[in-house]
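Please look over the sequence and the three-dimensional picture below, and keep both in view while you read. The paragraphs that follow them are meant to be read slowly, with a finger on the residue under discussion.

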Amino acid sequence: QIDKILQDRIRDKWLKAGVTMISPETTFIDDTVELGQDVVLEPGVILKGKTVIPEGVLVGAYSYLSDYTAQSNAHIVPHSVKGRIN
């Protein structure tokens, strides 16, 4: 239950900051991740570690990004695995 509360708080913070999550309840975001405005996260996205997603990036469904830095306005295709694999 504690994990769910923490994830809800993290997702709420980013939603208020201008990030769009198509399915927030299926999105996991570490508290160390940085997101820019107008980022779109499709369902099932997992963002871990020191991942940085700048403004205008679309992260495709079921992508796993860990310690990864994307370029502004990039489109990360669904099911991508980028960065450090745990």
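What follows goes from the helix to the sheets, then to the core and finally to some residues in loops.

This is a predicted model, in which local features need pLDDT of at least 70 and side-chain atom pairs count only at pLDDT 80 or more, while totals for chains, interfaces and linings use all residues. Residues are numbered from 1 along each chain as its sequence is written, and side-chain values use heavy atoms, with hydrogens and water left out.

Begin with helix α1, which covers residues 2–16; helices (H or I, at least four residues) and strands (E, at least two) are DSSP runs, numbered from the N terminus. The expected span of a helix is 1.5 Å times one less than its number of residues, so the 15 residues of α1 should span 21 Å, and this agrees with its end C-alpha atoms, which are 21 Å apart. Within α1, the residues Q7, I10, R11 and W14 are buried, where buried means under 20% relative accessible area, exposed over 50%, and partly exposed in between, with a 1.4 Å probe and protein chains only. Seen down the axis of α1, the buried residues fall within an arc of 95°, so they line one face of the helix; the arc is that of the directions from the helix axis to the C-beta atoms. An α-helix has 3.6 residues a turn, so residues three or four places apart point the same way. On the other side of α1, I2, R9 and K16 are exposed, whereas the buried residues of the helix pack against β1, β2 and β3 (34–35), with contact meaning heavy atoms within 4.5 Å.

K4 also lies in helix α1, and with a relative accessible area of 54% K4 is exposed. The side chain of K4 makes a polar contact with the side chain of D8 at 2.8 Å; a polar contact is a pair of N or O atoms within 3.5 Å, where, within protein, one must be able to donate a hydrogen and the other to accept it, and residues adjacent in sequence count only if both atoms are side-chain atoms. Just after α1, G18 takes a positive phi of about 105°.

Turn now to the strands, where two strands pair if DSSP finds at least two bridges between them. One open sheet has 4 strands in the order β1-β4-β7-β9, and the pairing is parallel. In this sheet β1 (20–21) and β9 (75–76) stand at the edges, each with a single partner strand, so one side of each is left without a neighbour in the sheet. Strand β4 (residues 40–41) is joined to strand β7 (residues 58–59) by 2 bridges, and V40 stands opposite L58 in β7.

Another open sheet of 4 strands follows the order β2-β5-β8-β10, with parallel pairing. Here the edges are β2 (28–29) and β10 (81–83), each with a single partner strand, so one side of each is left without a neighbour in the sheet. Between strand β5 (residues 46–48) and strand β8 (residues 64–66) there are 3 bridges, and L47 stands opposite L65 in β8.

Which residues touch the most other members of the largest nonpolar core? Of its 17 residues, they are I29, L35, L41, L47, I53 and V59, a nonpolar core being a set of buried Ala, Val, Leu, Ile, Met, Phe, Trp, Tyr and Cys residues joined through side-chain atoms within 4.5 Å. Leaving aside neighbours within four places in sequence, L35 is in contact with W14, V19, I29, L41, L47 and I53.

The loops hold buried residues too, among them S63, between β7 and β8, which counts as buried at 1% relative accessibility. The side chain of S63 reaches the backbone oxygen of G60 at 2.9 Å. T51 lies in the loop between β5 and β6 (52–53) and is buried, with a relative accessible area of 0%. A polar atom of the T51 side chain lies 2.6 Å from the backbone oxygen of K48, and the C-alpha atoms of T51 and L65, 14 residues apart along the chain, are separated by 6.8 Å.

Finally, look at the loop between β8 and β9, where D67 is found and where N73 is found as well. D67 has a positive phi near 50° although D67 is a residue other than glycine, and at 32% relative accessibility D67 counts as partly exposed. N73, which is not a glycine, has a positive phi of about 60°, and N73 counts as exposed at 58% relative accessibility.
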